[in-house]
Amino acid sequence: MVTAMTNLAKVVIDEQEYNFPPGMNLVDAAKHVGVVIPVFCYHPKMKPVGMCRMCLVEVGNIQKDRATGAVLLDENGSPQIRWMPKLQTACTMTVTDGLVMRTVSDAVKSTRKDILEFLLTSHPLDCPVCDKGGECALQDQTMDFGPGVSRMPFEDKKHLDKNKPLGDLIILDEERCIQCARCIRFQSEVAGDDVLAFHERGRDLQIITVSDPPFDTYFSGNTTDICPVGALTTVDFRFGARPWELNNIPTICPHCPVGCNVTANTRLDRDFGGRVMIKRMMPRQNEQVNEIWMCDKGRFGHHFSRSEERLQEPLIRTNTGSQSRETWGEAAAAAAKLLQDAGGSVAAIAGTALSNEDAWTLTQLLKGLGSERLGVWPPTHAGADLVAQVGIARGSNLGNLGKGDAVLIIASDLEEEAPLYHLRVKNAADRGAYLVVANVRCTRTGDFASANITYETGRAADALANIRKDNPEIADKLAAANNLVIFAGAEGLTLDGSRALMQSSANFLIETGHAGKVNNGLIGVFEGANALGLHYTGFSPEATQDIIQNPPKVLILAQADVAADDPSAEEWLSKVESVISLSLFMDKATEQAKVVLPVRSFAERDGSFTNAERRVQRFYVAQGPMGETLATWQALSRVAEKLGQGKAKLSAAQVMNDIAAAVPAFAGCKYPELARVEDQFPLVGGGDMYYGGTGYANTGGLGVQIATTADQGGEITVQAAKAEKAAKTQKGELLVVPTIRLYNRERVFQPSEASMMAARIADPYVEINAEDAAKLNLKDGDVVEVNFGGGHMLKVRAHVNGAAPKGSVLLPRNLQEAASALTLTTGTVTKAER
């Protein structure tokens, strides 16, 4: 019975009493106490629909006297139970006090057998060649509950297409589909991309795509995880391996600031010279980060880790100007000599793909040389120090936001920059959260917003600082929210503008009393996997600007592809006497380096990243190394050893121990602490894949979230945001706004483009407002020259539409070989002759 003390409801399942929260789904409740209720269509992350009927159970209620509320007893002294006349779908029912359920009665067993027999009437007997074999819910449940034999005449079997591309990434086997609609519902309910549907009726019912291009979403791979049969498979893994051949290695996605927990499925493979290679990437449950989902870039963007174009041996530039292959000892000695001879005129620029261990080792190397010039690449997002003060509070979970809460996204195209944040914010809005999106243009996340704010290009900080005056109703709702989370990006801003926006965001949180409280705070939508890790170890974008303006004698580039991002890189790099490059690939800056040290990708080494919510998370060695590569921290340690700075550490764990001892923010972040796990709801990843799909339980660690100043009760005060300098254009000029596309041609994504993603990556283009295009006599599809930033030019295709604000053009980065603008600038657009 419900008690005032616990507010729990008593439920009897198979003659055993349990207590659950009222309103809990019956399938979930049974799962928690180890009672099996098989399902196909039900999924704990989606609304129940009761389509497959596999969860049918007997349900009744304990009878009570209407006058007194006392339980009515039968002649044996047992409670009287009023049974429903027919079996009920457990997935569409919730816990109520006094509910009684039978899950193993003869009627239930007979019904399960009948349901499976119907499902198998036209299901192909191709388990031995099916990619789902070994992790198939239909296969498992047929063994547990099925009839064992079929009465279906073979000639009556329905034959359908077994290799039907739903898009470029997902293949549908129509014969295997059991019409559970999980894929359709995921795309509609969870992802918000309503791109799949049912077509026809009865036995002719089929899954179709209703978008152009087909299956147009960034989350398509998740449908293969939750498909209970082998109907949906990925082109990346299809016929690649059997599940029981694979080892499961916990790792972290390296592509964006979310820090999705993923599992690398690996095995020894002849396609990789008999070494261990990644066969597929799968989501790993972390309900505070990515839940059980991942985006398609994280799933299909791992091919760079074993690209044959990777640097595999150290290189030293000879007197003839060419680069020759040398041993690690010779290369480390050469790098050490360059650094020693620089007389302290040394600096480093670190890419956000560096791990915490890499960044700390680089910091210590420069400190030993008397330098603190540590820059972040790309230098686009400022304000990491403000995230350290008023970032989203420790213990927060975006999955807890709902009615009465609010989310503000400003200067960020969240779907393109951090897809899982987009998905989780969209779901918070579905639960009733008040979502506001502010930008110079419309974005996909804005389609789910309660309100959209448009401001002048480059004036994001002013828009937020003046929100009470310009948008009082929106400001009042944000201020009055129970919980408020602000996502602040840098789209359409200079570095100074980014700094001003982060300060305005921090000020608003402090002024409205939303700093230092669980489920409140600031999230910076930085680039890359470890921008905050770089901040905590001493790097900053302001230092990068100083390095560009005052080049050192020796510059260390650590996984920073400056030439691909900055059109001015060649000019300022020419003022550096010597470049030491630690890189995965031979890029333009590496070609000019005097010493090249080949480093390992995230897949080939141990390490940790710090995500945008300040969660320090560990990743593990998943794949065999390429050539003679070393982890970046190992390569730097060898150079430091040559400089007499001490012996190199033996493991990444030892480096993290040093960080934890020296950097207060990382106290409590040693590897054993990062590896701690706990039970999470829903309970996925076990042997019962019918319930949550093939996503993996978390065995590698949930990570540790760094406390903010506000979390620790430290002083936080409103600071004046430095006024943004209004971008000024000359006659005939437009403002050029760099944007980010999730699928692009950055160097680490090119191997995936070559293997499977080419059709998903746009050709180079610039978006221009229709009014501006008319003045310039430009039409949609014209080839144009975009001149920007003091003499730089790109030739791209014009997209004339309403996406770009008047007076501005949107120029995506990394869609072409030449570098585009890095931050907000001015330029002209003219029609190219040919």
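Which residues lie nearest the centre of the largest cavity? In this predicted model, the ones to look for are Thr224, Thr234, Phe237, Arg280 and Met282, and they belong to a lining of 17 residues. Helix α5 is one of the elements that give two or more residues to that lining, along with β11 (232–234), β14 (275–283) and α6 (296–300). The space inside comes to about 200 Å³. As for the kinds of residue around it, eight are charged, five are nonpolar and four are polar.

The largest cavity has company, since the structure holds nine cavities of 30 Å³ or more. The second largest cavity takes up about 130 Å³. Its lining counts 15 residues, with Ala490, Glu491, Pro738, Ile740 and Arg813 closest to the centre. Sorted by class, this second lining has six nonpolar, five polar and four charged residues.

Back to helix α5, which covers residues 221–226 and includes asparagine 222. Asparagine 222 has a relative accessible area of 0%, so it counts as buried. Setting aside neighbours within four places in sequence, asparagine 222 is in contact with Phe186, Ile292, Trp293, Met294 and Arg299. Take the partner Phe186: it sits 36 residues away from asparagine 222 in sequence, yet the C-alpha atoms of the two are 8.3 Å apart in space.

Contacts between residues far apart in sequence show up across the whole protein too. Among contacts between residues at least 6 apart in sequence, 73% join residues at least 24 apart. The chain has 834 residues, and 58% of them count as buried. Its secondary structure adds up to 26 helices and 35 strands. What about overall size? The C-alpha trace spans about 95 × 65 × 60 Å along its principal axes. The radius of gyration is 29 Å, which agrees with the value near 28 Å for a compact globule of 834 residues.

Now for the pockets. The largest pocket has a volume of about 1200 Å³. A total of 50 residues line it, and Asp561, Asp565, Glu746, Arg747 and Val748 lie nearest its centre. Three elements, α10 (414–417), α18 (562–565) and α20 (588–591), each give two or more residues to this lining. Of these, α18 gives the most, with three residues. The lining as a whole splits into 21 nonpolar, 17 charged and 12 polar residues.

The second largest pocket holds about 850 Å³ of space. Its lining is made of 34 residues, and those closest to the centre are Thr494, Leu495, Gln545, Thr823 and Leu824. Here the elements giving two or more residues are α15 (495–511), α17 (541–549), α19 (569–573) and β35 (825–831). By class, the lining has 14 nonpolar, 12 polar and eight charged residues.

Finally, the cysteines. A disulfide is a covalent bond between the sulfur atoms of two cysteines. How many disulfides does the structure hold? The count is zero. For cysteine 127, the closest cysteine sulfur is the one in cysteine 136, and because the two sulfurs are 6.3 Å apart, they are too far for a bond. Cysteine 256 is in no disulfide either, as the nearest cysteine sulfur, in cysteine 260, is 5.8 Å away. The surroundings of cysteine 127 and cysteine 256 can be described as well. Cysteine 127 is partly exposed, with a relative accessible area of 35%, whereas cysteine 256 is buried, at 12%.

Methods
Residues numbered from 1 in each chain as written. Predicted model: local features only at pLDDT ≥ 70, side-chain atom pairs only at ≥ 80, totals over all residues. Heavy atoms only, no water. Helix = DSSP H or I, 4+ residues; strand = E, 2+ residues; numbered from the N terminus. Buried < 20%, exposed > 50% of the residue type's maximum accessible area, 1.4 Å probe, protein only. Contact = heavy atoms within 4.5 Å. Disulfide = S-S within 2.5 Å. 1 Å grid on protein atoms, 1.4 Å probe; cavity = no way out; pocket = protein on both sides within 12 Å on 5 of 7 lines; lining within 4 Å. Points joined across faces, edges and corners; volume = space filled by probe spheres on them. Nonpolar A, V, L, I, M, F, W, Y, C, P; charged D, E, K, R; others polar. Rg over C-alpha atoms; globule rule 2.2 N^0.38 Å.
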